[in-house]
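Work through the exercises below with the sequence and the model at hand. Each task is followed by a solution in steps.

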Amino acid sequence: MSGLMKLVILVPCSLFFVALVKFLYDYLWRPLRIQQMLNSQGIRGPPYRFIHGNSKEVAKMRQEALSKPMALRHDIFPRVQPHIYTWINKYGKNYLSWDGVRAELVISEPELIKEVLKNSEKAFPKRNPTVFISKLVGNGLATVEGEKWVKQRKLGNYAFHGESLKNMAPAVIASVETMLEKWKGYVGKEIELFEEFRLLTSEVISRTAFGSSYLEGQKIFDMLSKLAIILHRNFFKTRIPWISKLWKPADILESEELANEIQGCVMKMIKKREDRVVSGEADSFGNDFLGLLVNAYHDLDDKNMLSLGDLVDECKTFYLAGQDTVNSLLTWTVFLLAIHGDWQEKARREVIDIFGNQNPHPESIVKLKIMTMIINETSRLYGPANGLMRKTGREVQIGKLVLPANIDLYIANVAPQHDPQLWGDDVHLFKPERFAEGIAKATNYNAAAFCLFGIGPRSCVGMSFATTEIKIALSMILQRYTISLSPAYVHSPMSVITIQPQHGIQVILKSLHSNV
């Protein structure tokens, strides 16, 4: 055999051998080493399964949990996150599981949650987004790190706080009035809340942040919804990276197409702003969130400038977060008031005492103490955020645990919010009076027991905007209607990106005014 022939045989064999060694290292040796390292520190969990990790088990548990409705109670943890509920009870409050080949330390112990979220040494950055999360929000504020995050956070803070927030109130009120005008045709009839509030919150974020209407942004919302569905059905599917590069599944191809279409829609919005300035119709790009982003896109200072890709991703992030989170929380709040007529009446009396029959005014929204208690209790029971994701940026110690670099962390905030050791034996009951003296007193000054919008430097930038929008909508609804749960309602909360009603929430409206 000639030397050339030997080389032709040897090179591919060597490459195959190297690839095989790397594959076995990534998919067998490293997972078993991490598992042994954490087991030795008392952290247990379901055993690692070759290639798939625990993904198949999780998918099966979730499918079984959603296959039938639950009784009308608020103990939703076993249904919305059955795998986490099962494994916390079996292995303890902090346990190790496997998202395919990726080690994931699930944390539900409040002290460790606080240590991770409040860490200021960049030891726990955001984890790398999956391909589907990248298509959904890209390098928006929710996923970005470092100087980019500082730059984008500054824009978000300016757009959704203080005077800017006050200036958004008329647009929120106008959007709610449009919804309530439609509701006049449903008095005494059944209406489905989740869809109604989806349209409302979409209209609000379109008007307040992007200077448009829901109809103008409808195409973006529809495409984001499709991306969210694709993300949901791929949450617990295992993919081997080099196979995905050789052959792209249909979901990846569809998500890429949707992401490109969204970018095209956002580009049209940007061009419309730019054209108005060039033609002299406007002297600036606007003071809303989109205007701030376009200003940053045109900024000549590298420290303040946003790239076109970052601008598009930031729009996607705020379209999604500004609609999805508020929709979920507002829906479950009205659901709980429909069940608990006594608290509905207390909230209504407070609204009438403060606003009469006038529309809410921003300066007095802070006076809605009972409503704040109701929203906090709803957030505890049906908080929209399913969990918070981080990773270890280096080898790091939290509590008594030493964690290796580059493992994923999952903050299971649903667990402490439903923990009887933190909230008492009535943990699954709707009792807004828990928050009568504020969140700190309710949690016994344990911030991580109730971290709906996160804690620490990366807490949600839109928290004030979300609560203001919900309070305005609730006030205007309570001034006009009493709400009761329809007999047709089937209690089926489920976890998508937020906690959502699987079959909607049907209620009956009764007018408080004879002329409506």
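**Exercise 1. What volume does the largest cavity have, and which residues line the largest cavity?**

Step 1. The volume of the largest cavity is about 40 Å³. The model is a predicted one, in which local features need pLDDT of at least 70 and side-chain atom pairs count only at pLDDT 80 or more, while totals for chains, interfaces and linings use all residues. Residues are numbered from 1 along each chain as its sequence is written, and side-chain values use heavy atoms, with hydrogens and water left out.

Step 2. Apply the rule: on a 1 Å grid over the protein atoms alone, a cavity is a set of points where a 1.4 Å probe fits but cannot get out, and lining residues have an atom within 4 Å of a point. Grid points are joined across faces, edges and corners, and the volume is the space filled by probe spheres set on the points. The count is then 3 cavities of 30 Å³ or more.

Step 3. The lining of the largest cavity consists of Ile76, Arg380, Leu381, Tyr382, Gly383, Ala385, Val414, Gln417, His418 and Ile499. Two elements, α17 (369-382) and α18 (414-417), give two or more residues to this lining; helices (H or I, at least four residues) and strands (E, at least two) are DSSP runs, numbered from the N terminus. The largest share, 3 residues, is from α17.

Step 4. Sorted by class, the lining has 6 nonpolar, 3 polar and 1 charged residues. Here Ala, Val, Leu, Ile, Met, Phe, Trp, Tyr, Cys and Pro count as nonpolar, Asp, Glu, Lys and Arg as charged, and the others, Gly among them, as polar.

**Exercise 2. Which strands pair with β11, and in which sense?**

Step 1. Two strands pair if DSSP finds at least two bridges between them.

Step 2. Strand β3 (residues 190-192) is antiparallel to β11 (residues 506-511), with 3 bridges. One of the partners is found at Glu192, which is bridged to Gln506.

Step 3. Strand β8 (residues 481-485) also runs antiparallel to β11, joined by 5 bridges. Opposite Leu509 of β11 stands Ile483.

**Exercise 3. How are the rings of Trp332 and Phe335 arranged, and why is the pair of Trp423 and Phe435 called tilted?**

Step 1. Rings of Phe, Tyr and Trp (its six-membered ring) pair if their centres lie within 6.5 Å; planes under 30 degrees apart count as stacked, over 60 as edge-to-face and the rest as tilted. The structure has 15 aromatic pairs.

Step 2. Trp332 and Phe335 are edge-to-face, at 5.3 Å centre to centre with 85° between the planes. Both belong to helix α14 (residues 308-339), where they are 3 residues apart, about one turn of the helix. Both are buried (under 20% relative accessible area; exposed is over 50%, partly exposed in between; 1.4 Å probe, protein chains only).

Step 3. The ring centres of Trp423 and Phe435 are 5.9 Å apart and the planes meet at 45°, so this pair is tilted. Trp423 is in helix α19 (residues 420-423) and Phe435 in the loop between α19 and α20 (439-442), so the pair ties together parts 12 residues apart in sequence. Trp423 counts as buried at 8% relative accessibility, and Phe435 counts as buried at 3%.

**Exercise 4. Which charged residue lies over the face of Trp423?**

Step 1. A charge sits over a ring if NZ of Lys or CZ of Arg is within 6 Å of the ring centre and within 35 degrees of the ring normal.

Step 2. Arg380 lies over the face of Trp423, 5.1 Å from the ring centre. Arg380 is also among the residues that line the largest cavity.

Definitions and conventions. 1 Å grid on protein atoms, 1.4 Å probe; cavity = no way out; pocket = protein on both sides within 12 Å on 5 of 7 lines; lining within 4 Å.
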